[in-house]
Amino acid sequence: MRKKIVAGNWKMNKTFSEADELVSDIMDKLEQIELDRNVQVIVCPPFPYLEMCTDYANDSYFAVGAQNVSDQERGAYTGEVSAEMLKSLELVDYCIVGHSERRAYYGETDAIVAAKVNQLLAHEITPIVCCGEVLEEREANRQFDVVRRQITDGLFHLTPEQFNGIVIAYEPVWAIGTGKTATPEQAQEMHAFIRNLINEKYGENIAQETTILYGGSCKPSNAKELFANPDVDGGLIGGASLKADDFIAIAQAF
Ligand code: PEP
């Protein structure tokens, strides 16, 4: 049975003390509820707060992820953070790659996504690879071509062994931070399309094992109907992950 995931992308928000308060609030709430054992809750704080958050990571529901990683191994790359560094924090198990904000503002191409995925896998960190079309692409009915290209060029160089365990997040860019969510039908249609691409490349078993998250204005009021779809295995949550109550309510939506 594939893993269900609710991952919070805090983006560039919170001071250290606010972040500490948020993660400890999330932990308190997680202790009070009963989640399915198959559900993994992940927080992805800014780099300076990763170690503090790993203090809370344990072998139950809760794990920590980074929001970005260098495409290079090590060396003279001022300001960059390598996969090896993340790994040396010991409990950073996931890392977001190819988020639309990084593609739009920092020139992250599919080739860079592929290089970052390689770095993460070399250091045994699970990439959460984002894909998704912008509004004009959806309006032109090009969403499937765009997502096919992102997945093919960013991931399909991997061997089946490497691909197994990759997490994908479908995030229609027009739904990120806009309050406009994809309908459950739109999400399911794209998730089934992605799973079929994986099936064609790596076969049925790997396709069925791959966790595919939805992202884009997911909140407690819409999580249940999104997660009820057979190919939607959870969510990558931006704004709603900054409030412990909302984030936990989303984790309970399975
Ligand atoms: C995101 O940025 O990954 C995201 C899904 O943001 P939001 O939930 O705020 O739309």
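R102 has 22% relative accessibility in this predicted model, so R102 counts as partly exposed, the buried class ending at 20%. Its salt-bridge partner E108 sits at 5% and therefore counts as buried. E108 also forms a salt bridge with K116, and both E108 and K116 are buried.

A second place to look is the pair R195 and D231, whose side chains meet in a salt bridge. R195 lies in helix α9 and D231 in the loop between α11 (220–227) and β8, so the pair ties together parts that are 36 residues apart in sequence. With 4% relative accessibility R195 counts as buried, and D231, at 13%, counts as buried too. R2, R195, D231 and D233 are linked in a network of salt bridges. The whole structure holds 14 salt bridges, among them these three:

| Salt bridge | N to O distance |
|---|---|
| E108 and R102 | 3.1 Å |
| E108 and K116 | 2.8 Å |
| R195 and D231 | 2.5 Å |

Now to the fold. 8 strands close into a barrel with parallel pairing, in the order β1-β2-β3-β4-β5-β6-β7-β8. From one strand to the next, the twist averages 30°. Strand β1 (residues 4–9) pairs with strand β8 (residues 234–237) over 4 bridges, in the parallel sense; here G8 stands opposite I237 in β8. Helix α9 (residues 184–202) packs on the sheet and touches β5, β6 and β7, its direction making about 150° with that of β7.

Finally, helix α7 (residues 143–155) has 13 residues, which at 1.5 Å a residue should span 18 Å; the end C-alpha atoms are 18 Å apart, in agreement. Its buried residues are Q143, V146, V147, Q150, I151, G154 and L155. They cover an arc of only 125° around the axis, which puts them on the same side of α7.

Definitions and conventions: Residues numbered from 1 in each chain as written. Predicted model: local features only at pLDDT ≥ 70, side-chain atom pairs only at ≥ 80, totals over all residues. Heavy atoms only, no water. Helix = DSSP H or I, 4+ residues; strand = E, 2+ residues; numbered from the N terminus. Expected span 1.5 Å × (residues − 1). Buried < 20%, exposed > 50% of the residue type's maximum accessible area, 1.4 Å probe, protein only. Arc of directions from axis to C-beta. Pairing = 2+ DSSP bridges. Axes fitted to C-alpha atoms, helices over the stretch in contact; angles between N-to-C directions. Contact = heavy atoms within 4.5 Å. Salt bridge = Lys/Arg side-chain N within 4 Å of Asp/Glu carboxyl O.
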